[in-house]
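Subject: Structure for your files

Hello,

Here is the structure you were expecting, with the sequence alongside. My notes on it follow below.

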Amino acid sequence: MMLGLCFLSSNEHNERDVTWLANVVLALLQARDLNHDKYKLTMVSPRDHMLFTPLLASTTVGTLEHRSIIEPVRPSAAKNGWRYLQAEATAIDFATKTVSCTYSQPVFSEDRSVNLTYDKLVVGIGAVPNTFGVPGVIEHAFFLKEAEDGRAIRRRIHDCLEAASDTTLPEQTRQELTNFVVVGGGPTGVEFAAELTDFLRQDCTRLYPEVGDMPRIHLLEAGHGVLSSFDSQLADHALKKLRQQDCDVRLEESVREVRTCMSVHLSVRTRL
C-alpha cells in the first residue's frame with residue numbers, strides 16, 4: 001500500500017508535472033508550504049486524514065475520542081485549492097512516467113483505477129506492521145497503527161467485558177475473556193498496556209461490577225527490557241510502574257504462534 005501526493009502542474013504555462021508518493025503527515029505539512037499558484041496539486045492517499053499517532057493508544061479505552069487525534073484532508077484541500085483523491089498508488093511505470101492508482105472507496109463493487117502522469121517523482125511511502133513471520137498474527141491479532149485499529153481494539157475490549165459480565169458462564173471462560181495480551185515492549189506496546197491498565201483499575205470495576213478484579217494484562221517483550229530505544233532510566237521507570245500496577249511484564253519472551261483470538265503460544269511452550 002502506498003500513500004501519496006501528486007503535484008500536477010499546468011503545462012499551459014510550461015510548468016512540470018511532479019508526482020510525490022508520501023505518507024499523509026509529511027504530505028499535508030509540505031502541501032501547506034507549496035506555491036499553489038505555480039503548481040496544481042492532487043493528493044492521492046487511501047487515508048483521508050492525518051493521524052497523531054502518539055495519542056492513538058488513548059483512544060482504545062476512551063481516554064480520548066478518535067476525532068480528537070485526526071485532521072481531515074478535505075478542509076486543507078478546500079482552503080488551498082488542491083484536489084484530494086482517495087486511492088492507493090499500486091504501480092509506477094518509469095518508462096512512461098505514470099503512476100497507477102486504485103480507488104479505495106468501499107462503495108464500488110469492483111476496483112476502479114486511474115493513471116496519473118508526472119515529470120518528476122518523489123517517493124516517501126508509509127509502512128505496514130511487521131508480523132515477524134509469526135503464524136496466526138494476521139488472522140487473530142490486532143495491530144495498533146491506524147485510527148480504525150484503535151476503534152477495533154476498543155470494540156473488542158467492550159465485547160469481552162460485556163461477555164465476562166455474564167455470571168452464568170463458567171469461571172474459566174470469564175477469566176479467558178478478561179485476559180489481555182500485549183506483544184511488544186516498544187512505545188506503542190507500553191503506552192497501550194499503561195492505558196489499558198489504568199482503565200481496568202479505575203473504570204472497569206465501576207462500569208462492569210460483575211467482572212470485578214478478574215482482568216489481567218500480560219506484556220510480552222522478546223528483548224531484555226522495555227523501551228529499548230529510550231534512556232535506560234526512563235525504561236526502568238516504565239517497567240517499574242507497569243509492574244506496580246499489576247501488569248504482568250515478561251521479558252525475553254516471544255510469541256511462537258497465535259492459534260485463535262483467545263490462544264497465544266509462547267516460545268517457552270506455555271500458553272496464554
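How many bridges join strand 7 to strand 8? There are 6, and the two strands run antiparallel. Before going further, please keep in mind that this is a predicted model.

The three-stranded sheet

Strand 7 covers residues 87-93, and strand 8 covers residues 98-103. Together they make a hairpin, with 4 residues between them. Lys97 lies in the turn and has a positive phi of about 55°. Two of the pairings can be given by residue: Ala87 stands opposite Tyr103, and Ala91 has Ser100 as its bridge partner.

Ser100 also faces the other way along the sheet, in the sense that it stands opposite Asn115 of strand 9. Strand 9 (residues 113-117) is joined to strand 8 by 5 bridges, again antiparallel. The result is an open sheet of 3 strands in the order 7-8-9. Strand 7 and strand 9 are its edges, each pairing on one side only. On average, neighbouring strands are turned by 25° against each other, direction ignored. Strand 8 is mostly covered, with 5 of its 6 residues buried.

The nonpolar cores

In soluble globular proteins, nonpolar side chains tend to be buried together. Here the largest nonpolar core has 34 residues. The members that touch the most others are Ile157, Leu161, Phe192, Leu196, Phe199, Leu200 and Leu219. Several elements give two or more residues to this core, among them helix 5 (147-164), helix 7 (187-207), strand 12 (216-221) and helix 8 (232-244). Helix 7 provides the largest share, 7 residues.

Phe199 is worth selecting in the viewer. Leaving aside residues up to four places away in sequence, Phe199 touches Val61, Ile157, Leu161, Cys204, Leu207 and Tyr208.

A second core, separate from that one, has 9 residues. Ala87 and Tyr103, the opposed pair from strands 7 and 8, are both in this second core, which also includes Ala89 and Tyr118.

One residue further along

Is Val264 buried or exposed? Val264 counts as buried because its relative accessible area is 12%, and the cut-off for buried is under 20%. Val264 is found in strand 15, residues 263-266. His140 is 124 residues away from Val264 along the chain, yet their C-alpha atoms are separated by 9.7 Å.

Regards

Terms used. Residues are numbered from 1 along each chain as its sequence is written. This is a predicted model: local features need pLDDT of at least 70, side-chain atom pairs count only at pLDDT 80 or more; totals for chains, interfaces and linings use all residues. Side-chain values use heavy atoms; hydrogens and water are left out. Buried means under 20% relative accessible area, exposed over 50%, partly exposed in between (1.4 Å probe, protein chains only). A nonpolar core is a set of buried Ala, Val, Leu, Ile, Met, Phe, Trp, Tyr and Cys residues joined through side-chain atoms within 4.5 Å. Contact means heavy atoms within 4.5 Å. Two strands pair if DSSP finds at least two bridges between them. Axes are lines fitted to C-alpha atoms, for helices over the stretch in contact, and angles run from 0 to 180 degrees between N-to-C directions.
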